[in-house]
Structure formats: C-alpha cells, structure tokens
2 protein chains.
Amino acid sequence: MKPEDRFVEKLRALLPGSDAVLGPGDDAALVHRDAGLLAATTDLLVEGVDFLPGEDPERLGRRAAAVNLSDLAAMGACPEFFLLSIGFPPDKGEDYPLSIARGAIARAGEFGAQLVGGDLSAAPQTVVSVALWGRPAGPPLTRAGASPGDVLYVSGHPGEAAAGLRLARQRVAGLTPEQERRLLDAFHDPLPRIALGAELSRQRLATSAIDVSDGLGVDAARLSRASGVRLVLERSLLPASEALRCFASRAEIDPLELMLSGGDDYELLFTVPAAQQGRLEERAADFGVPVARIGRAEEGSGAVLSDGGAERDIAGLGHDHLEAAR
Amino acid sequence: MKPEDRFVEKLRALLPGSDAVLGPGDDAALVHRDAGLLAATTDLLVEGVDFLPGEDPERLGRRAAAVNLSDLAAMGACPEFFLLSIGFPPDKGEDYPLSIARGAIARAGEFGAQLVGGDLSAAPQTVVSVALWGRPAGPPLTRAGASPGDVLYVSGHPGEAAAGLRLARQRVAGLTPEQERRLLDAFHDPLPRIALGAELSRQRLATSAIDVSDGLGVDAARLSRASGVRLVLERSLLPASEALRCFASRAEIDPLELMLSGGDDYELLFTVPAAQQGRLEERAADFGVPVARIGRAEEGSGAVLSDGGAERDIAGLGHDHLEAAR
C-alpha cells in the first residue's frame with residue numbers, strides 16, 4: 001500500500017461516526033444534500049512536485065481544474081461550482097494568479113462548473129488548490145462496486161501523459177509534430193472524462209470506477225482493494241497509442257512501464273458486468289473518448305498483469321504524492 | 001484598496017454570467033442547491049506567511065478549520081462538511097499530516113462539521129487548504145446590506161490575536177499567566193463565532209457582516225465598500241481587553257494599532273438597524289461571545305476612526321495576504 005493510502009486508512013480511523021454517504025478514500029466524497037447527493041473533491045498542486053517549475057500559469061489553472069473534474073468524472077458526477085486558492089511568490093505580479101484563474105475558469109466552464117470563490121496567499125513557490133462539487137448523473141460510481149466476473153475497461157491511452165512529461169523535460173527526436181503535440185497535451189492539459197463518467201452512471205453501465213491519476217498499476221490496486229476483488233489486466237489488450245509506441249521506441253523505454261507506472265493520465269478505469277458489455281459498446285459514441293476492454297475482475301485480491309500465462313504484480317507501480325519531487 | 005481586493009475585482013470581470021447567488025468577494029460563496037442555499041468557503045494557509053514556521057501540527061489543523069468556520073459564521077451559516085488538503089515535507093513523517101487532520105477534525109467537529117475528503121502532496125514547506133460548506137441558518141448575511149443609520153458592532157476583543165502573535169515571537173514580561181494564555185490562544189486557536197452568526201441570521205438582526213481576519217481597519221473598509229456606506233468607528237467605544245491593554249503597555253505599543261491593524265481576530269463586524277438594538281441586546285446571552293457597539297454607518301464611503309471630533313482614515317490598516325511574509 002502506498003503511503004498516501006496508509007494515510008487515508010489512519011485518517012478514517014480518526015473520524016467519528018459520519019453523516020456522509022461516502023467519506024475519505026474514494027475519488028470524491030458524497031453527502032446527502034436536501035433531495036439529492038452532492039459529490040465534492042479537492043486537489044492540491046505544488047510546484048516542482050505536481051507540476052513542473054515555471055509552468056505557464058494559464059495552463060496550470062486548466063490542469064488544476066482538470067484533475068478535480070476528473071475526480072468527479074470517476075463518481076459519475078456533473079460538476080457545478082468550484083473554489084480556487086492560489087499561493088504564489090508576490091514578485092510574480094498580480095496578473096500571475098489572474099492567469100491561473102483564467103485557465104481554471106475556462107477549463108471548468110467547458111464542463112459546466114463555475115468559479116464562486118477562493119483565497120490568495122503569498123508563498124515561496126506556487127501552490128494551487130481547487131475544491132469542486134457537483135451532482136451524480138445517476139447512481140454514483142464508487143471504487144467499491146466491482147464483482148468477480150465483471151469486465152475491466154479503461155478510457156483513452158494511459159501512458160501518454162507520462163511520455164508527455166518526459167518530452168516536456170527533454171526533447172526526443174523522431175516523433176511527428178502531431179505525435180509530440182498529442183503527448184505534451186496529454187500531460188499539460190488533460191481532458192477530464194465527464195461525459196463518460198456521467199453516461200456510465202446515468203445508464204447504470206459500470207459497477208465501479210476510479211480515475212487513473214497515479215498510474216494504472218496503483219489505481220487498479222485501489223479499485224481492487226475497495227471492491228474486494230482481484231483485477232487481471234491482459235497485456236495484449238492494453239491500448240498503447242501509436243504516439244506512445246513511437247515515443248517509447250525512440251526513448252528506449254518499454255511502453256508498458258509508461259502505461260502501468262506513469263500517472264497523470266486522468267483516464268477512467270471501470271468495471272462493467274459481463275452481461276452489460278453489449279450495451280456499453282452500443283453507447284460508446286456518447287462517451288467522447290474510446291474505451292478499451294483490458295481485463296477482468298476475479299475472486300481474490302490484488303492487481304496483476306497477465307502476459308501469455310505469466311502474471312506480474314502491478315499493485316506497487318505508480319506515482320505516490322509523498323514520494324520524490326519532480 | 002488592498003492587492004487582494006483588486007485581484008477579486010479583476011477576477012469578477014473574468015467571470016461569465018453566473019448561476020451563483022453570490023460569487024467571489026464575500027466571506028463565502030452562496031449557491032442554490034435544491035430547496036436551500038449552500039454557503040462555501042476556502043482558505044489556504046502557508047507556513048511562514050499565514051502561520052509561524054514550526055507550528056504544532058494539531059494546533060495548525062485547528063486553526064485551518066477555525067479560519068474557514070469563521071467565514072461561514074460571517075454568512076450566518078451552520079457548517080456541515082469539509083475537505084482538507086495538506087502539502088508537507090515528507091521528512092516530517094506520516095504522523096505529521098495526521099496530526100494536522102486530527103486538529104482540524106476536532107475543531108470543526110465542535111461546530112458540527114465533518115471531514116469527508118482531501119488530498120496530500122509533498123511540498124518544500126507546509127501548506128494547508130480547507131474547503132468548507134454549510135447552510136445559512138436564516139437569510140444569509142453578506143457584506144452588502146448595511147444602510148446609513150445602522151449601528152456597527154464587533155464581537156470579542158479585536159487586537160488580542162495580534163498581541164498573541166507578538167508574544168509567540170518574543171516574550172513580554174509583566175503579564176499574568178492568564179493574560180498570556182488568553183492572548184496566545186487568541187492567535188493560535190481562534191474561536192469561530194458560529195453561534196453569533198447563526199443567531200444574527202436566524203433572528204434577522206443584522207443587515208451585513210464580515211469576519212475580521214485582516215484587521216478592523218481594512219475589513220471595515222471592505223464592509224463599507226460592499227454596502228455603499230461610510231463606517232465611523234468611535235475610538236472610545238473600541239473594546240480593548242485588560243490583557244490587551246496590559247500587553248500594549250508592557251510592549252510599548254498603542255493598543256489601538258493592534259485593534260485596527262492586527263488581523264487574525266476572526267471576530268464578526270456587523271451592522272444592526274437602530275430599531276433592532278434592543279432586540280440584539282436581549283439576545284446577547286445566546287451569542288457565546290460579548291458584542292460591543294463601536295460605531296455607525298452613514299451616507300458616503302470609506303472607514304474612519306472618530307476620536308473626540310477628529311477623524312482618521314483607517315481603510316488601509318491591516319494585513320494583506322500578498323504582503324511580506326511573517
């Protein structure tokens with residue numbers, strides 16, 4: 001278990017009985033609010049840890065919004081309002097936090113979420129904190145609903161963001177401009193999967209979901225732990241894009257490592273009852289992103305990669321927020 | 001206008017038409033949520049800027065909760081749930097963020113608010129971000145409702161927290177242990193005025209309110225600007241406690257400067273129609289804190305201190321979050 005997951009376990013032990021429907025430990029919290037449910041999440045981004053030093057402020061704002069939107073996507077929730085706090089070195093000037101806010105307002109606005117408040121503070125380096133809330137489109141998705149026999153899916157192309165991070169740090173020759181742009185965008189400006197999450201919730205297609213923020217390996221392990229199942233990912237089914245394969249080949253990295261350990265993907269990993277596979281595939285045009293079947297849930301625990309019969313434990317693969325800085 | 005207030009003005013200009021009842025620029029945001037209103041706020045605390053380096057983590061957590069609770073108090077709202085994000089140097093160990101969380105859970109729990117989620121990140125120094133929401137007890141209090149003729153009140157004893165900050169940095173001889181404790185607590189462990197705010201809202205006693213977080217001077221100016229009135233504070237009515245007077249005398253500081261410029265008080269500054277003064281004073285036992293009449297609202301703009309006929313502009317007096325670090 002990653003240090004961050006251990007923290008959540010210890011934290012839950014501190015909490016008195018709660019009125020929340022779902023407290024710490026999922027992508028977002030769920031509480032009753034009058035007639036409906038409110039889904040709420042927050043993410044803290046620290047310069048040099050969660051984003052590269054000197055990041056363009058508007059793009060940083062877009063990213064801060066996107067990572068929170070992604071948490072709501074994983075709950076099947078439609079975003080409504082957000083709060084934005086910015087700590088920054090005052091010598092960056094008053095337009096710097098405004099540019100961060102502009103980016104966050106634009107990105108969140110694409111998904112229907114409005115800025116309603118926030119806070120500013122001086123700080124030795126930039127930190128951005130967003131708190132976002134919204135409303136589940138249907139029965140909320142959590143990490144806890146997968147059953148043995150369910151089919152495992154992932155959206156988009158995990159690993160592209162990790163390739164983009166490496167590209168942002170050091171140029172790699174031999175990629176087309178389109179490939180380069182695609183990988184850099186995956187890292188700098190991830191697209192939250194709101195339409196997919198909402199549709200999975202509204203149509204009751206998925207039994208569980210998580211957003212892949214820290215790596216397919218560790219996030220699959222989180223889903224498996226919360227659901228009490230074993231997740232088996234099939235190597236042959238993992239959707240490596242051509243851009244990722246080209247980058248990996250030029251950079252002499254195994255694309256599989258980028259897919260399993262990379263993090264920052266903000267794709268959705270979710271389970272679907274075997275009987276619903278047909279319905280899921282009929283709906284795919286509404287998701288706004290391709291989805292790929294990559295494995296299954298079984299009795300047991302843990303997360304493994306199956307490769308022609310051999311199995312490899314992947315639960316420890318991924319980024320931990322308390323590990324070394326970027 | 002302080003840089004933070006200028007930022008809010010520029011930010012509001014960026015926002016498209018909003019569905020919020022009240023967006024950026026008050027103590028908390030207000031949005032419609034099913035049958036009722038939701039009041040939401042967030043505050044970011046940065047080590048060395050918003051709290052002293054090396055602060056005890058549990059006390060820091062209490063304070064992070066309290067400053068957010070205070071924002072809801074100023075809206076007349078009862079807190080319900082909160083999210084907590086912590087950035088910290090990993091070498092502080094895993095118990096460090098847990099102690100911060102323990103403090104926040106305890107302080108918020110006293111006022112009925114429960115922790116439901118959050119985020120962790122490595123960071124070069126500690127940053128704590130809380131997002132808190134709740135429900136107005138009656139018609140919400142905002143900064144915008146004061147009218148000429150209203151009477152101006154403040155709760156507690158502004159200036160004690162500023163004295164406590166100075167004491168925490170450097171001992172001052174000649175105070176009783178009780179006085180020392182009182183001033184240090186005012187800074188380290190402020191008590192949010194939830195009962196007062198809720199009662200002012202529920203009983204429709206106040207026309208406007210703000211929490212005094214940055215200094216009586218600048219926060220009076222904010223209230224005056226939002227309401228479109230002039231606020232006149234009477235020097236002779238300002239409630240300097242004995243502990244504050246004793247500290248100021250020993251430290252050779254004018255207690256008035258601590259009261260007007262100090263900040264970190266987390267008291268409520270609010271206006272009451274002259275015809276409601278009697279009702280307010282009858283209710284005082286329910287507020288959980290003494291309240292003092294300190295002045296009045298007039299036609300005009302700005303905030304001044306009246307002292308035997310002479311008037312002094314106090315709008316610029318107070319802490320700005322973008323100014324020099326502690």
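I looked up the burial of D264(A) in this predicted model. With 24 C-beta neighbours inside 10 Å, D264(A) counts as buried, because the cut-off for that class is 20 or more.

I then placed D264(A) in the chain. It sits in the loop that runs between α9 (255-261) and β9 (267-272) of chain A. I noted its backbone as well: phi of D264(A) is positive, about 65°, although the residue is not a glycine.

Next I turned to chain B, for another non-glycine residue with positive phi, E252(B), where the value is near 55°. Is E252(B) buried or exposed? I found 7 other C-beta atoms within 10 Å of E252(B), so the residue is exposed; the limit for that class is 12 or fewer. Its place is the loop between α8 (242-251) and α9 (255-261) of chain B.

Last, I went through the contact between the chains. I have 59 residues from chain A and 59 residues from chain B taking part. On the side of chain A that touches chain B, I listed the elements that supply at least two residues each: the helices α1 (3-14) and α3 (95-110), and the strands β1 (29-33), β2 (36-46), β3 (77-88), β4 (114-122) and β5 (127-136). Which element of chain A gives the most to this side? I found β4(A), with nine residues. By residue class, I have 33 nonpolar, 15 polar and 11 charged residues on the side of chain A that touches chain B.

Note on methods. Residues numbered from 1 in each chain as written. Chains lettered and ligands numbered in written order. Predicted model: local features only at pLDDT ≥ 70, side-chain atom pairs only at ≥ 80, totals over all residues. Contact = placed C-beta atoms within 7 Å. Helix = DSSP H or I, 4+ residues; strand = E, 2+ residues; numbered from the N terminus. Nonpolar A, V, L, I, M, F, W, Y, C, P; charged D, E, K, R; others polar.
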